[in-house]
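Colleague: I'd like a close look at one part of this protein. Could you pick a helix and walk me through what surrounds it?

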Amino acid sequence: DDHGLCFSERKLTVSTAGVVPNIALLGSARHRGNLAISLNATTDKVRSAIMPINQKYPLEQLIGALRAYPLTNRQRITIEYVLLKGVNDSIEDRKRFKKLLHGISIKVNLIPYNSNTGLGFEQPSRDVITAWQEDLLASKINSTVRWSKGNDISAACGQLLVSRDKMKPK
């Protein structure tokens with residue numbers, strides 16, 4: 001008899017930037033819940049620049065782990081993809097994205113970057129974001145756009161930290 005906190009597996013999601021051995025470990029667990037991956041790029045060059053973990057576990061290894069991950073009939077791996085203007089939002093990125101993940105049971109959260117003055121990235125235009133979602137949906141890939149609240153007062157995800165750090169005395 002199992003003893004624990006009585007969480008439903010359907011309500012539990014493990015999110016990772018791509019620690020490949022742990023994805024396999026989770027896949028072999030008796031109670032594993034759902035899996036979410038922060039992908040954020042379609043080439044090793046770009047992913048390594050914005051996500052240093054890619055240097056240890058490059059895309060080929062990560063995608064291999066996703067292909068091997070056991071899923072039930074209705075289960076999907078959630079792919080988190082933060083759209084960065086001019087970095088990972090091109091038509092070529094979209095084509096690579098679909099090719100990279102082809103055949104894997106996924107759902108996609110497109111996350112427009114929350115522009116702030118500290119990190120040097122920008123949010124793509126609404127047209128680019130919409131084109132990404134429409135293209136994925138047309139390819140039978142379930143996708144949603146996660147719009148953040150609070151952009152107008154610099155309170156969207158990631159903005160408060162940058163604002164606070166700028167206010168600290170040196």
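Modeller: What follows is a tour of helix α5 and its salt bridges, with a few stops elsewhere in the chain.

Keep in mind that this is a predicted model. For orientation, the protein chain has seven helices and five strands, and along the sequence they run β-α-β-α-α-α-β-α-β-α-β-α. Of the 170 residues, 37% are buried. If you take the contacts with a separation of 6 or more, 65% of them are between residues 24 or more positions apart. The accessible surface is about 10700 Å², and carbon and sulfur atoms account for 55% of that.

Now to α5 itself, which spans residues 91–101. Start at its N-terminal end, where Ser90 acts as the cap. A side-chain oxygen of Ser90 sits 3.3 Å from the backbone nitrogen of Glu92. Past the other end, just after the helix, you'll find Gly103 with a positive phi of about 90°.

Which residues of α5 are buried? They are Asp93, Arg94, Phe97 and Leu101. These four span an arc of only 100° around the axis, so they sit on the same side of α5. The general rule behind this is handy: an α-helix has 3.6 residues a turn, so residues three or four places apart point the same way. Turn to the other side of α5 and you meet Lys95 and Lys99, both exposed. As for what lies over the buried side, the cover includes helices α4 (59–68) and α6, along with strands β3 (77–83) and β4.

Two of those buried residues carry charged side chains, and both turn up again among the salt bridges. The idea in general is that side chains of opposite charge can pair when their charged atoms come close. A search of the whole structure turns up five salt bridges, and here are the ones worth a look from α5.

First, Asp93 pairs with Arg96, with 2.7 Å from N to O. These two are about one helical turn apart, because three residues separate them in helix α5. They don't share the same surroundings, though: Asp93 counts as buried because its relative accessibility is 6%, while Arg96, at 34%, counts as partly exposed.

Next comes Lys98, which forms a salt bridge with Asp135, the closest N and O atoms being 2.8 Å apart. This one reaches out of the helix: Lys98 is in α5 and Asp135 is in helix α6, 37 residues apart, so distant parts of the chain are linked. At 21% relative accessibility, Lys98 counts as partly exposed; the cut-off for buried is under 20%. Arg94 joins in as well, since Arg94, Lys98 and Asp135 form a network of salt bridges.

You can follow the same kind of pairing away from α5. Arg146 forms a salt bridge with Glu80, with 2.9 Å between the closest N and O atoms. Glu80 belongs to strand β3 and Arg146 to the loop between β5 and α7 (159–167), so this pair ties together parts 66 residues apart in sequence. Glu80 is buried, at 12% relative accessibility, and Arg146 is partly exposed, with a relative accessible area of 41%.

Strand β4, part of the cover over α5, is worth tracing a little further. It runs over residues 106–112 and pairs with β5 in the parallel sense, over four bridges. One residue to find there is Lys107, whose bridge partner in β5 is Asn142. Strand β5 itself, residues 142–145, has two faces: Ser143 and Val145 are on the covered one, and Asn142 and Thr144 are on the uncovered one.

Leading into β5 is the loop from α6 (126–138), and that is where you'll find Lys140. Its phi is near 65°, a positive value in a residue other than glycine. Asn40 also has a positive phi, near 65°, and is likewise not a glycine. Asn40 lies in the loop between β2 (34–38) and α2 (44–50). Buried or exposed, which is Asn40? Asn40 is buried, with a relative accessible area of 11%, whereas Lys140 is exposed, at 77%.

Technical notes:
Residues numbered from 1 in each chain as written. Predicted model: local features only at pLDDT ≥ 70, side-chain atom pairs only at ≥ 80, totals over all residues. Heavy atoms only, no water. Buried < 20%, exposed > 50% of the residue type's maximum accessible area, 1.4 Å probe, protein only. Pairing = 2+ DSSP bridges. Arc of directions from axis to C-beta. Contact = heavy atoms within 4.5 Å. Polar contact = N/O pair within 3.5 Å; in protein donor to acceptor, adjacent residues only side chain to side chain. Areas by Shrake-Rupley, 256 points an atom, 1.4 Å probe, with all protein chains shown as cover. Salt bridge = Lys/Arg side-chain N within 4 Å of Asp/Glu carboxyl O.
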